[in-house]
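Work through the exercises below with the structure open. Each task is followed by a solution in steps.

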Protein chains: 2
Amino acid sequence: MPRAATTSDAFNAIAEPQRRRILTVLKGHERPVNDLARALRITPSRASKHLRVLRKVGLVRVRGVGQHRLYGLDASGLKPIHEWVGGFEQFWSESFDRLNEYVQELQQKENPGGIRS
Amino acid sequence: MPRAATTSDAFNAIAEPQRRRILTVLKGHERPVNDLARALRITPSRASKHLRVLRKVGLVRVRGVGQHRLYGLDASGLKPIHEWVGGFEQFWSESFDRLNEYVQELQQKENPGGIRS
DNA sequence: GACATATGTGCCCATATGGGCATATAATCA
DNA sequence: TGATTATATGCCCATATGGGCACATATGTC
């Protein structure tokens, strides 16, 4: 079984660099597909497909039915992600502490015995 | 071309629910693979593979070479993600405003003309 | 209606993925 | 050394992915 469908999970949706770029561009203001495609130097087709994914997970909204459809940001779906990742905030300062400890150990003993990538 | 390799991008690495669970469990303390596998009710093999990915993107460190290898959190790789997503923070409060505007429009005019999923 | 523009979708392909399973590798102990 | 435990990896498969391309669809304009 491959990974869960992109269209059902915001984590998965923003795993795609292009889609992150799209969201970033949409911070400014709403844009039609062609505009977006031009801005990101991708095919309208590609843009449309990515937007479809973003729409399905609710990170993007469409306004106006017609020749021009304006895509706009709906960032509320990013909130859970921010919260989940934020739950680790205490740990990335702690990492530095641990690293320091480790470096000190290295300097004291000659044999680290330990960390591998 | 499919999506960028999971092993080169933290965004992609945490797109997998199991890996998120692993990271969450590792918040508590370091754990050997079997321990983790038991905690998450997955095969040691599976756990090992996910840990390999997390190791490659640097979200996890291994300590101790031997029968037991302790996996520990290295959350520093989550920081960029937190920052990227945090860049949208202003927008998910704004979303509510826009939604309210939309609802008001709906109540006034009878024809929304607009938002589609 | 005919046409141009804007957007969405279907089909095909190459590729990465996650899981299952068997097996390899590593370390500890009798 | 042989056995046991712990962990990693290789192979295979089903599936989802992203892109290219052609085409369908929708809208606006003449």
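**Exercise 1. A loop residue in two chains**

In which loop of chain A does A:Arg41 lie? Give its phi and decide whether A:Arg41 is exposed or buried. Then treat B:Arg41 in the same way.

*Solution.* This is a predicted model.

Step 1. A:Arg41 lies in the loop between helix 3 (33-40) and helix 4 (44-56) of chain A.

Step 2. The phi of A:Arg41 is positive, about 55°, although the residue is not a glycine.

Step 3. Count neighbours. A:Arg41 has 6 C-beta neighbours inside 10 Å. A residue with 12 or fewer counts as exposed. A:Arg41 is therefore exposed.

Step 4. Turn to chain B. B:Arg41 lies in the loop between helix 3 (33-40) and helix 4 of chain B. B:Arg41 has a positive phi of about 55° and is not a glycine either. With 6 other C-beta atoms within 10 Å, B:Arg41 is exposed.

**Exercise 2. The sheet of chain A**

What is the strand order of the open sheet in chain A, and in which sense do its strands pair? Place the edge strands, the bridges and the helix that lies across the sheet.

*Solution.*

Step 1. The sheet is open and has three strands in the order 1-3-2, with antiparallel pairing.

Step 2. Strand 1 (31-32) and strand 2 (60-63) of chain A are the edge strands, and each pairs on one side only.

Step 3. Take the pairing of strand 1. Strand 1 of chain A runs antiparallel to strand 3 (residues 70-73) of chain A, and two bridges link them. A:Arg31 stands opposite A:Tyr71 in strand 3.

Step 4. Take the pairing of strand 2. Strand 2 of chain A and strand 3 of chain A are antiparallel, with four bridges. Here A:Val60 stands opposite A:Leu73.

Step 5. Check the hairpin. Six residues sit between strand 2 and strand 3 of chain A. A:Gly64 in this hairpin takes a positive phi near 85°.

Step 6. Add the helix. Helix 2 (residues 17-26) of chain A lies across strand 1, strand 2 and strand 3 of chain A. Helix 2 runs at about 90° to strand 3 of chain A.

**Exercise 3. The sheet of chain B**

Which strands are the edge strands of the sheet in chain B? Find the bridge partner of B:Arg31.

*Solution.*

Step 1. Chain B has an open sheet of three strands in the order 1-3-2, paired antiparallel.

Step 2. The edges are strand 1 (31-32) and strand 2 (60-63) of chain B, each pairing on one side only.

Step 3. Strand 1 of chain B runs antiparallel to strand 3 (residues 70-73) of chain B, joined by two bridges. In strand 3 of chain B, B:Tyr71 is the bridge partner of B:Arg31.

**Exercise 4. Two helices of chain B**

At what angle do helix 2 and helix 4 of chain B pack, and how far apart are their axes? Classify the packing and list the residues that meet.

*Solution.*

Step 1. Helix 2 (residues 17-28) and helix 4 (residues 44-56) of chain B pack at about 75°, with axes 10 Å apart.

Step 2. Angles of 65 to 115 degrees count as roughly perpendicular. Helix 2 and helix 4 of chain B are therefore roughly perpendicular to each other.

Step 3. B:Gln18, B:Arg19 and B:Ile22 come from helix 2 of chain B. They meet B:His50, B:Leu51, B:Val53 and B:Leu54 in helix 4 of chain B.

Step 4. Sort the residues of this contact between helix 2 and helix 4 of chain B: four are nonpolar, two polar and one charged.

**Exercise 5. Two residues of helix 2 in chain B**

Is B:Ile22 buried or exposed? Is B:Leu26 buried or exposed? List contacts for each, leaving aside neighbours within four places in sequence.

*Solution.*

Step 1. B:Ile22 is in helix 2 of chain B. It has 26 other C-beta atoms within 10 Å, so B:Ile22 is buried.

Step 2. The contacts of B:Ile22 beyond four places in sequence include B:Leu36, B:Leu40, B:His50, B:Leu51 and B:Leu54.

Step 3. B:Leu26 is also in helix 2 of chain B. With 25 C-beta neighbours inside 10 Å, B:Leu26 counts as buried.

Step 4. Beyond four places in sequence, B:Leu26 contacts B:Arg31, B:Val60, B:Tyr71, B:Gly72 and B:Leu73.

Step 5. Add a distance. B:Leu26 and B:Leu36 are ten residues apart in sequence and 8.5 Å apart in space, C-alpha to C-alpha.

**Exercise 6. Confidence in chain A**

What is the mean pLDDT of chain A? Locate the stretch where pLDDT is below 50.

*Solution.*

Step 1. The mean pLDDT of chain A is 82, and 74% of its residues reach 70 or more.

Step 2. Residues 109-117 of chain A have pLDDT below 50. Beyond near neighbours in sequence, this stretch has ten contacts in the model.

Terms used. Residues numbered from 1 in each chain as written. Chains lettered and ligands numbered in written order. Predicted model: local features only at pLDDT ≥ 70, side-chain atom pairs only at ≥ 80, totals over all residues. Pairing = 2+ DSSP bridges. Contact = placed C-beta atoms within 7 Å. Axes fitted to C-alpha atoms, helices over the stretch in contact; angles between N-to-C directions. Parallel < 35°, antiparallel > 145°, perpendicular 65-115°, else oblique. Nonpolar A, V, L, I, M, F, W, Y, C, P; charged D, E, K, R; others polar. pLDDT = per-residue confidence, 0-100. Buried ≥ 20, exposed ≤ 12 C-beta atoms within 10 Å, placed from the backbone.
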